[in-house]
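Colleague: I should like to go through the assignments in this model and hear the grounds for each of them.

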Amino acid sequence: MSRTHGWLVTIQRRGVIHRKHFSDGVYGGKQKSFVAAKSFRDEIINKNPPFSMREYSNIVKKNNRSGVVGVCRYCASETRDLPEDKQRWFWVASWPLPDGRRKRVKFSVKKYGEDGAFKMALKARKDALKELDGEFDPGAVRRKPARRTRATAGRSAHA
């Protein structure tokens, strides 16, 4: 069993991990080690700011097959097992929203043609990214407020 107490700062920026432990014993107590850890964190963030949302949204992922970030070809899942002429295909544009969720819009290949649907998806994403501002926050999705369940939604404070 370890009796080591302190603060661990870990920040990843552009593939580089910055990590340092601030021991309560070395820094003279819990409060002093916390102040030192925050100072280190702030220094790393100042030297290595987070990606902007626009920068993050333009990272080419390894599994990209369309050649364009945030644009993919998609078959409606309920039609995937049908004969090819009955399948419903779309070009989909997606981009992150400031709260960490993603917005997606689909353009039907049947309605607009392969090239037309692809071009519409490209334009939708390009237009959306023009409006995108702020920094990328990878934890935003995990920090969504908890949903109220049916069991708790009906209870009152006096129950």
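Modeller: The discussion below takes up several assignments in turn; please note that this is a predicted model.

Colleague: Why is Asp-24 called buried or exposed, as the case may be?

Modeller: Asp-24 has 17% relative accessibility, and buried means under 20%, so Asp-24 counts as buried. Asp-24 lies in helix H1, residues 24–27. Its C-alpha atom is separated by 7.8 Å from that of Trp-7, the two being 17 residues apart along the chain.

Colleague: What makes Arg-104 count as partly exposed?

Modeller: The relative accessibility of Arg-104 is 47%. Exposed requires over 50% and buried under 20%; Arg-104 is therefore partly exposed. Arg-104 belongs to strand E5 and stands opposite Ser-94.

Colleague: Which residues form the positive surface patch?

Modeller: Lys-61, Arg-102, Arg-104 and Lys-106 form this patch. Lys and Arg count as positive, and patch members need over 30% relative accessible area; Arg-104, at 47% relative accessibility, is in keeping with that cut-off.

Colleague: How do you know that strand E4 pairs with strands E3 and E5?

Modeller: Pairing requires at least two bridges. Strand E3 (residues 71–75) is joined to E4 by 5 bridges, and E4 is joined to strand E5 (residues 102–108) by 7 bridges, so both pairs satisfy the criterion. E3 and E4 run antiparallel, as do E4 and E5. Arg-73 stands opposite Trp-91 in E4.

Colleague: What makes E4 mostly covered?

Modeller: Of the 8 residues in strand E4 (residues 89–96), 7 are buried.

Colleague: Which residue takes a positive phi in the hairpin of E4 and E5?

Modeller: Gly-100 does, with a phi near 100°; the hairpin has 5 residues between its strands.

Terms used
Residues numbered from 1 in each chain as written. Predicted model: local features only at pLDDT ≥ 70, side-chain atom pairs only at ≥ 80, totals over all residues. Heavy atoms only, no water. Buried < 20%, exposed > 50% of the residue type's maximum accessible area, 1.4 Å probe, protein only. Helix = DSSP H or I, 4+ residues; strand = E, 2+ residues; numbered from the N terminus. Patch = residues over 30% accessible without salt bridge, like charges linked within 9 Å, V, L, I, M, F, W, Y side chains within 5 Å. Areas by Shrake-Rupley, 256 points an atom, 1.4 Å probe, with all protein chains shown as cover. Salt bridge = Lys/Arg side-chain N within 4 Å of Asp/Glu carboxyl O. Charge placed at Lys NZ, Arg CZ, Asp CG, Glu CD.
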